[in-house]
Amino acid sequence: MSRYEYGIDFDTIDAIDIHTHIEIDGCGHRSLDDELMAASEKYFKSGEERTPSIDAVADHYRARNMAAVVFTVDAASASGHAANSVEEIAEGAARHNDVLIPFGSVDPWQGKAAVRRVHRLVDDYGVKGFKFHPSMQGFEPNDRRFYPLYDAITEAGVPALFHTGQTGIGAGLPGGHGIKLRYSDPMLLDDVAADFPDLTVIMAHPAVPWVDAQISIATHKANVYIDLSGWSPKYFPPQLVKAANSMLRGKVLFGSDFPVIQVDRWITDFENLDIKPEVAPLIFKQNALRVLGIKH
């Protein structure tokens, strides 16, 4: 086992993609069951390989002179589907530490075991943050039963990234495959951000249909950020674009949701937005450096 350490030249890279998925492991196990994977392929219409290996993801970003945060979601309790190995992702990122940054994932329903796992993933594997998907993991983030997890992550000094808004996972299936959107209402994270002022919280995606609430939270809470993944920029709500250009210029992060959304498509569509020239470098790199605690 090699513990992850940064090997990225942050001066020379063009961007940091804060939100990408590794959805297959070395044994071919995928992070979603077959029905969910097929439904998400249909929903996102990417047309590209849906589950590239971590080595392929590294090559993809290296070719674009970008770094990428990589993760999976441990939703075993809620879904009944075994999670992919977070440790394998961290070890893969260590092999490719010139372009990849590993985030961990824990199943919040595992209680004290999840707290111990947070410490182990940070101390032994060097993960630089944690990813949660409340709808997939079936939990309300502001339920105090999960606060020991946030204590551990705060103590580790790394950010927590939460899926917010609707999700393409389960979209179009009967009952949405049992996945409930209300768990991903960003207002639940307002409680978390207020109760853990030293925890950096990233709200993933334009949080449709709660974008106005999301903007309010990020404006109100110094420790809350928004990543722009999961949607082509041409579909961004106009009020979010306006906020990113003004009062939230230091709070918004480039993220694609690769591989379900292709980086090149995201960049091309972003270039058609009316983003001020001085704001784009903040979104693409500078804000992420601050979120990740990288002195630059």
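Where does His21 lie? In this predicted model, His21 lies in strand E1.

## Strand E1 and His21

Strand E1 spans residues 15-21 and is mostly covered, with 7 of its 7 residues buried. Strand E1 pairs with strand E2 in the parallel sense, and 5 bridges join the two. One bridge partner can be named: Ala15 is matched with Met66 in E2. In a regular strand, side chains alternate between the two faces of the sheet.

His21 has a relative accessibility of 11% and counts as buried, because that value falls under 20%. Its side chain makes two polar contacts that can be described here. The side chain of His21 meets the side chain of His19 at 3.3 Å, and a polar contact of 2.9 Å joins the side chains of His21 and Asp257. Leaving aside neighbours within four places in sequence, His21 is in contact with Phe71, Lys131, Asp257, Phe258 and Pro259. Asp257 thus appears both as a polar partner of His21 and in its list of contacts.

## The loop residue Ser105

Ser105 is found in the loop between strand E3 (100-102) and H5. At 0% relative accessibility, Ser105 counts as buried. The side chain of Ser105 reaches the backbone nitrogen of Asp74 at 2.8 Å.

Neighbours within four places in sequence aside, the residues in contact with Ser105 are Thr72, Val73, Asp74, Val86, Arg117, Leu121, Phe130, Lys131 and Gln137. Lys131 is also a contact of His21, and Phe130 leads on to the nonpolar core.

## Nonpolar cores

The largest nonpolar core holds 94 residues. Within this core, Leu100, Phe130, Phe132, Tyr150, Phe254, Trp266 and Ile283 touch the most other members. Phe130 touches Phe103, Gly104, Ser105, Val106, Val118, Leu121, Val122, Ile153, Val158, Pro159, Ala160 and Leu161, not counting residues up to four places away in sequence. Another core, of 9 residues, lies apart from the largest one and includes Leu32, Val73, Ile169 and Leu173.

In soluble globular proteins, nonpolar side chains tend to be buried together.

## Aromatic pairs

The structure contains 19 aromatic pairs. One of them is formed by Tyr147 and Tyr150, whose ring centres are 5.7 Å apart with 50 degrees between the planes, a tilted arrangement. Both tyrosines lie in helix H7 (residues 147-156), 3 residues apart, or about one turn of the helix. Tyr147 and Tyr150 are each buried.

A further pair consists of Phe254 and Trp266; the ring centres lie 4.8 Å apart and the planes meet at 50 degrees, so this pair is also tilted. Phe254 lies in the loop between strand E8 (252-253) and H11, whereas Trp266 lies in helix H11, so the pair ties together parts that are 12 residues apart in sequence. Both residues are buried. One aromatic cluster is formed by Trp109, Phe132, Phe139, Phe146, Tyr147, Tyr150, Phe162 and Phe196.

## Salt bridges

The structure holds 13 salt bridges. In one of them, Glu5 is joined to Arg3, with the closest N and O atoms 2.9 Å apart. Glu5 is partly exposed at 41% relative accessibility, and Arg3 is partly exposed at 35%.

Another bridge connects the side chains of Arg64 and Asp264 at 2.8 Å, N to O. Arg64 lies in the loop between helix H2 (54-62) and strand E2 (66-71), and Asp264 lies in helix H11 (residues 263-270), so the pair ties together parts that are 200 residues apart in sequence. Arg64 is partly exposed at 25% relative accessibility, as is Asp264 at 41%.

Glu87 and Arg120 form a salt bridge of 3.4 Å, N to O. Glu87 belongs to helix H4 (residues 86-95) and Arg120 to helix H5 (residues 112-123), so the pair ties together parts that are 33 residues apart in sequence. Glu87 counts as buried at 14% relative accessibility, whereas Arg120 counts as partly exposed at 40%. Salt bridges that share partners join Glu87, Arg117, Arg120 and Asp124 into one network. Within this network, Arg117 is also among the contacts of Ser105.

Key
Residues numbered from 1 in each chain as written. Predicted model: local features only at pLDDT ≥ 70, side-chain atom pairs only at ≥ 80, totals over all residues. Heavy atoms only, no water. Core = buried A, V, L, I, M, F, W, Y, C linked by side-chain atoms within 4.5 Å. Buried < 20%, exposed > 50% of the residue type's maximum accessible area, 1.4 Å probe, protein only. Contact = heavy atoms within 4.5 Å. Salt bridge = Lys/Arg side-chain N within 4 Å of Asp/Glu carboxyl O. Helix = DSSP H or I, 4+ residues; strand = E, 2+ residues; numbered from the N terminus. Pairing = 2+ DSSP bridges. Polar contact = N/O pair within 3.5 Å; in protein donor to acceptor, adjacent residues only side chain to side chain. Phe/Tyr/Trp six-rings, centres within 6.5 Å; stacked < 30°, edge-to-face > 60°.
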